[in-house]
Amino acid sequence: MELFKIFLAAVFVKNIVFIRFLALCSFVGMTSDVKKSTGMGWAVLFVTVIATAATYPLYKLVLAPYNLGFLQTLLFILVIASLVQLVEFYLKKSAPALYSAMGVYLPLITTNCAILAVTLDVIAADYTFIQSMVYSIGVAISYMLAMVLFAGLRERIDIAPIPKYLKGTPILFIAAALLALAFGGFAGMI
């Protein structure tokens with residue numbers, strides 16, 4: 001039951017985009033199409049889970065015992081950057097259309113603060129390895145959920161009769177704010 005609570009909290013209560021306001025660059029840039037949003041969500045899911053699986057033991061077995069916690073952020077970013085390179089190579093070979101559609105946003109996963117936040121959160125919360133993995137999956141799912149929801153909403157906005165002064169960026173920020181308010185309703189859930 002504890003793992004389920006961690007997962008639900010990561011997806012809804014502490015949604016990485018709508019509640020914590022992290023990963024906004026890729027959120028705005030990659031949500032013009034549901035397919036691209038889904039592809040980005042899967043890439044972030046992979047990198048987040050593998051980064052957590054790699055950084056957790058690195059911290060617990062090397063950094064903490066030798067009082068090297070001050071290197072945590074630097075080493076975690078290096079691990080994340082390496083994993084993004086692997087994803088980039090894989091997508092370039094196996095899904096060239098998705099690779100080119102992601103453009104500059106794929107390398108930006110390296111500096112995606114959501115992934116770094118997850119790796120730091122699991123250490124700060126003192127989760128076990130299993131709890132860390134569940135949390136990282138939950139956060140990645142919350143990112144993908146936000147991306148796909150907003151991409152679907154943007155597709156509807158494109159065909160909606162919107163006043164001229166709200167077209168473009170203003171209506172996107174209004175829609176994102178309304179989604180954030182909706183996710184704020186989950187605050188007392190867990």
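Which are the buried residues of helix 6? The views below start with that helix and then move outward through this predicted model.

**View 1. Helix 6 is mostly covered.**
Helix 6 is mostly covered, with 9 of its 12 residues buried. Here is the list to look for: Ala114, Ile115, Leu116, Ala117, Val118, Thr119, Asp121, Val122 and Ile123. What do these buried residues pack against? Their partners are helix 3 (34–63), helix 4 (72–94) and helix 7 (129–159). You can also check the length of the helix, which runs over residues 113–124. At 1.5 Å a residue, its 12 residues should span 16 Å, and the C-alpha atoms at its ends are 16 Å apart, so the two agree.

**View 2. Aspartate 121 of helix 6 pairs with arginine 20.**
Aspartate 121 sits in helix 6, and it belongs to the buried residues of that helix. Leaving out residues up to four places away in sequence, aspartate 121 touches Arg20 and Tyr135. With arginine 20 there is a salt bridge, and the closest N and O atoms are 2.6 Å apart. The two partners come from distant parts of the chain: arginine 20 is in the loop between helix 1 (2–13) and helix 2, aspartate 121 is in helix 6, and 101 residues separate them. The side chains of these two residues also count as making a polar contact, at 2.6 Å. Is arginine 20 buried, exposed or partly exposed? Its relative accessibility is 29%, so it counts as partly exposed. For another long jump in sequence, find threonine 52: its C-alpha atom is 9.9 Å from that of aspartate 121, although the two are 69 residues apart along the chain.

**View 3. Aspartate 126 and lysine 60 meet in a salt bridge.**
How many salt bridges does the structure hold? There are 2, and this view shows the one where the side chains of aspartate 126 and lysine 60 meet, at 3.0 Å from N to O. Aspartate 126 is in the loop between helix 6 and helix 7, while lysine 60 is in helix 3, so the pair ties together parts that are 66 residues apart in sequence. Aspartate 126 counts as exposed because its relative accessibility is 53%. Lysine 60, with a relative accessible area of 28%, is partly exposed. Look at the backbone here too: just after helix 6, aspartate 126 takes a positive phi of about 55 degrees.

**View 4. Valine 47 belongs to the largest nonpolar core.**
The largest nonpolar core has 52 residues, and Phe18, Phe27, Met40, Val47, Ile109, Tyr135 and Tyr143 touch the most other members. Which helices each supply at least two residues of this core? They are helix 1, helix 3, helix 4, helix 6, helix 7 and helix 8 (169–184). Zoom in on valine 47 and you'll find it touching Ile80, Leu83, Val84, Val87, Ile109 and Ile115, not counting residues up to four places away in sequence. There is also a second, separate core of 5 residues, which includes Leu45, Val49, Ala140 and Met144.

**View 5. Serine 26 is buried in helix 2.**
Serine 26 lies in helix 2, which covers residues 24–29. Why does serine 26 count as buried? Its relative accessible area is 5%, and buried means under 20%. Skipping residues up to four places away in sequence, serine 26 touches Thr31, Met40, Tyr105, Asn112, Tyr143 and Met147. Two of these names, Met40 and Tyr143, may ring a bell from the core in View 4.

Key. Residues are numbered from 1 along each chain as its sequence is written. This is a predicted model: local features need pLDDT of at least 70, side-chain atom pairs count only at pLDDT 80 or more; totals for chains, interfaces and linings use all residues. Side-chain values use heavy atoms; hydrogens and water are left out. Helices (H or I, at least four residues) and strands (E, at least two) are DSSP runs, numbered from the N terminus. Buried means under 20% relative accessible area, exposed over 50%, partly exposed in between (1.4 Å probe, protein chains only). Contact means heavy atoms within 4.5 Å. The expected span of a helix is 1.5 Å times one less than its number of residues. A polar contact is a pair of N or O atoms within 3.5 Å; within protein, one must be able to donate a hydrogen and the other to accept it, and residues adjacent in sequence count only if both atoms are side-chain atoms. A salt bridge is a side-chain nitrogen of Lys or Arg within 4 Å of a carboxyl oxygen of Asp or Glu. A nonpolar core is a set of buried Ala, Val, Leu, Ile, Met, Phe, Trp, Tyr and Cys residues joined through side-chain atoms within 4.5 Å.
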